[in-house]
Amino acid sequence: MEKATVDNAMMINENVNQGTVSWEKAGNTLFLQGTLDRDSLLPLWQQKEQVLAGIDNIDVSQLSRVDSTGLALFVQFKGECQKRGKALTFSGIGEQLNTLVTLYGLQALLDDSQPKT
């Protein structure tokens, strides 16, 4: 498994009272952990090209919280992959994230995704 190369000490210092997001790559799957919100997504956004290289599935089962900016990031990731002719699926979608997807009318984001857990 390849772990995130972001300087976690710096990220923790900047987000002392906020959650952080971390990630690992295993094969063609990106595993996200922690909190994905407006306060934590910048390192992931800044490294998106490197992070998404060779990825066709994002497992979100270990995310404890996702807000609307985190959801917007997923929409952006999927759109960028589609422009390149690549499929991107999401797995491990929990009830909270599924509710957010429904509220924003983004079920198409999940149409070709793996079964929800």
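D39 is partly exposed in this predicted model, with a relative accessible area of 30%. Its side chain forms a salt bridge with R38, and the closest N and O atoms of the two lie 3.5 Å apart. R38 itself counts as exposed, at 63% relative accessibility. By the rule used here, the count comes to four salt bridges, and two others are worth a visit.

Let us turn to E80 and K48. These two residues form a salt bridge in which the closest N and O atoms are 2.9 Å apart. E80 lies in helix 4 and K48 in helix 3, so the pair ties together parts that are 32 residues apart in sequence. Here both partners are out of the solvent by the accessibility criterion: E80 counts as buried because its relative accessibility is 11%, under the 20% cut-off, and K48 counts as buried at 14%.

Next along helix 3 comes E49, whose side chain meets that of R84 in a salt bridge of 3.1 Å, N to O. This pair, too, links distant parts of the chain: E49 sits in helix 3, while R84 belongs to the loop between helix 4 and strand 5 (89-91), 35 residues away in sequence. With a relative accessible area of 46%, E49 is partly exposed.

Now step back to the whole fold. The chain has six helices and five strands, and reading along the sequence gives the pattern β-α-β-β-α-α-β-α-β-α-α. Of its 117 residues, 42% are buried. If you take the contacts between residues at least 6 apart in sequence, 66% of them join residues at least 24 apart. On the outside, the chain exposes about 6,400 Å², and carbon and sulfur atoms supply 50% of that area.

What about the interior? In soluble globular proteins, nonpolar side chains tend to be buried together. In this model, the largest nonpolar core has 27 residues, and L32, L36, I58, V60, F74 and F90 are those with the most contacts inside it. Two or more residues come from each of strand 2 (21-26), strand 3 (29-36), helix 3 (48-52), strand 4, helix 4, helix 5 (95-103) and helix 6 (107-110). Helix 4 gives the largest share, five residues.

I58 is a good place to look at this core from within. Leaving aside neighbours within four places in sequence, I58 is in contact with L30, L32, L52, F77, L88, T89, F90 and S91. Among these partners, L32 and F90 also belong to the group with the most contacts inside the core.

Finally, follow strand 4 to its end. D67 is found in the loop between strand 4 (57-66) and helix 4 (68-83). Which side chain of opposite charge is nearest to D67? That side chain is R65, 4.4 Å away, and D67 has no salt bridge although it is buried. The distance to R65 is outside the 4 Å limit for a salt bridge. D67 does have a polar partner, however: a contact of 2.5 Å joins its side chain to that of T69. Beyond residues up to four places away in sequence, D67 touches L36, D37, R38 and L100. That list brings us back to two residues met earlier: L36, one of those with the most contacts inside the core, and R38, the salt-bridge partner of D39.

Methods: Residues numbered from 1 in each chain as written. Predicted model: local features only at pLDDT ≥ 70, side-chain atom pairs only at ≥ 80, totals over all residues. Heavy atoms only, no water. Helix = DSSP H or I, 4+ residues; strand = E, 2+ residues; numbered from the N terminus. Buried < 20%, exposed > 50% of the residue type's maximum accessible area, 1.4 Å probe, protein only. Lys, Arg positive; Asp, Glu negative; His and termini not counted. Polar contact = N/O pair within 3.5 Å; in protein donor to acceptor, adjacent residues only side chain to side chain. Contact = heavy atoms within 4.5 Å. Core = buried A, V, L, I, M, F, W, Y, C linked by side-chain atoms within 4.5 Å. Areas by Shrake-Rupley, 256 points an atom, 1.4 Å probe, with all protein chains shown as cover.
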